[in-house]
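Subject: Structure handover

Hello,

Here is the structure I promised you. Please open it first, then read my notes below alongside it.

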Amino acid sequence: MIGYVTLGTDQLDRARAFYDALLGELGAKRIMEFGDEAGGFTLWSAGWDKPGIAVTRAYNGRPAAPGNGTMIALVVDARAKVDQLHAKALSLGGSDEGAPGLRGEEGPQAFYAGYFRDPDGNKLCVFRMGPA
């Protein structure tokens, strides 16, 4: 259902470095990149047939700002990957918004997640659904 999501940035080089390193952990890479005439739009994905995340300067030329209530959630296949990506985001200059851990009860639909913000303040979650 989701093709890609776009996050705004005023520091394109910093955003590209953050997402190169973070999304590389999930097997994603830059698959599309445009120059300044297109706001520096850069898209990462694990393939052309997979959802992606993009960063760009704001189209209207005003400063980029994270959306209030907006969050991107990245699904992984193991709780250890939640821990790993959360730590990676913080090491890359992101900020903690909720340490990795179980939210709710353990069981077949357990929700294990960690929350963080990228250096531009955009909120992300990395999660794993299912038992330990």
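Helices and strands here are DSSP runs, numbered from the N terminus, with at least four residues for a helix and at least two for a strand. Please keep in mind that this is a predicted model.

**Overall layout**

The protein chain holds 2 helices and 8 strands. Their order along the sequence is β-α-β-β-β-β-α-β-β-β. The radius of gyration of the protein chain is 15 Å, close to the 14 Å from the globule rule for 132 residues, so the chain is as compact as a globular protein of that length. The C-alpha trace spans about 50 × 30 × 25 Å along its principal axes.

**Sheet with strands 1 to 4**

What is the strand order in this open sheet? It reads 1-4-3-2, with 4 strands and mixed pairing. Strand 1 (4-8) and strand 2 (29-33) are at the edges. Each has a single partner strand, so one side of each is left without a neighbour in the sheet. From one strand to the next, the twist averages 25°.

Helix 1 packs on this sheet. It touches strand 1, strand 2, strand 3 and strand 4. The direction of helix 1 makes about 5° with that of strand 3.

Look also at strand 3 (residues 42-45) and strand 4 (residues 52-56). They pair in the antiparallel sense, over 4 bridges. Leu43 has Ala54 in strand 4 as its bridge partner.

**Sheet with strands 5 to 8**

This is an open sheet of 4 strands as well, in the order 5-8-7-6. The pairing is mixed. Strand 5 (71-75) and strand 6 (95-103) are the edge strands, and each pairs on one side only. The twist averages 15° from one strand to the next.

Do strand 5 and strand 8 run parallel or antiparallel? Strand 5 and strand 8 (residues 123-129) run parallel, joined by 5 bridges. Ala73 stands opposite Cys125 in strand 8.

Helix 2 lies across strand 6, strand 7 (111-117) and strand 8. Helix 2 runs at about 10° to strand 7.

**Where the helices meet**

Two packed helices are described by the angle between their axes and the distance between the axes. Helix 1 (residues 12-24) and helix 2 (residues 79-91) pack at about 160°, and their axes are 10 Å apart. That angle makes helix 1 roughly antiparallel to helix 2, because angles over 145 degrees count as such. The crossing of helix 1 and helix 2 is right-handed.

Which residues meet there? Helix 1 brings Phe18, Ala21 and Leu22. Helix 2 brings Leu85, Lys88 and Ala89. The residues of this contact divide into 5 nonpolar, no polar and 1 charged.

**To recap**

One sheet has the order 1-4-3-2, with helix 1 packed on it. The other has the order 5-8-7-6, and helix 2 lies across strand 6, strand 7 and strand 8. Helix 1 and helix 2 pack against each other.

Best wishes

How values were computed:
Residues numbered from 1 in each chain as written. Predicted model: local features only at pLDDT ≥ 70, side-chain atom pairs only at ≥ 80, totals over all residues. Heavy atoms only, no water. Axes fitted to C-alpha atoms, helices over the stretch in contact; angles between N-to-C directions. Parallel < 35°, antiparallel > 145°, perpendicular 65-115°, else oblique. Left-handed = near helix turned anticlockwise from the far one by under 90°. Contact = heavy atoms within 4.5 Å. Nonpolar A, V, L, I, M, F, W, Y, C, P; charged D, E, K, R; others polar. Pairing = 2+ DSSP bridges. Rg over C-alpha atoms; globule rule 2.2 N^0.38 Å.
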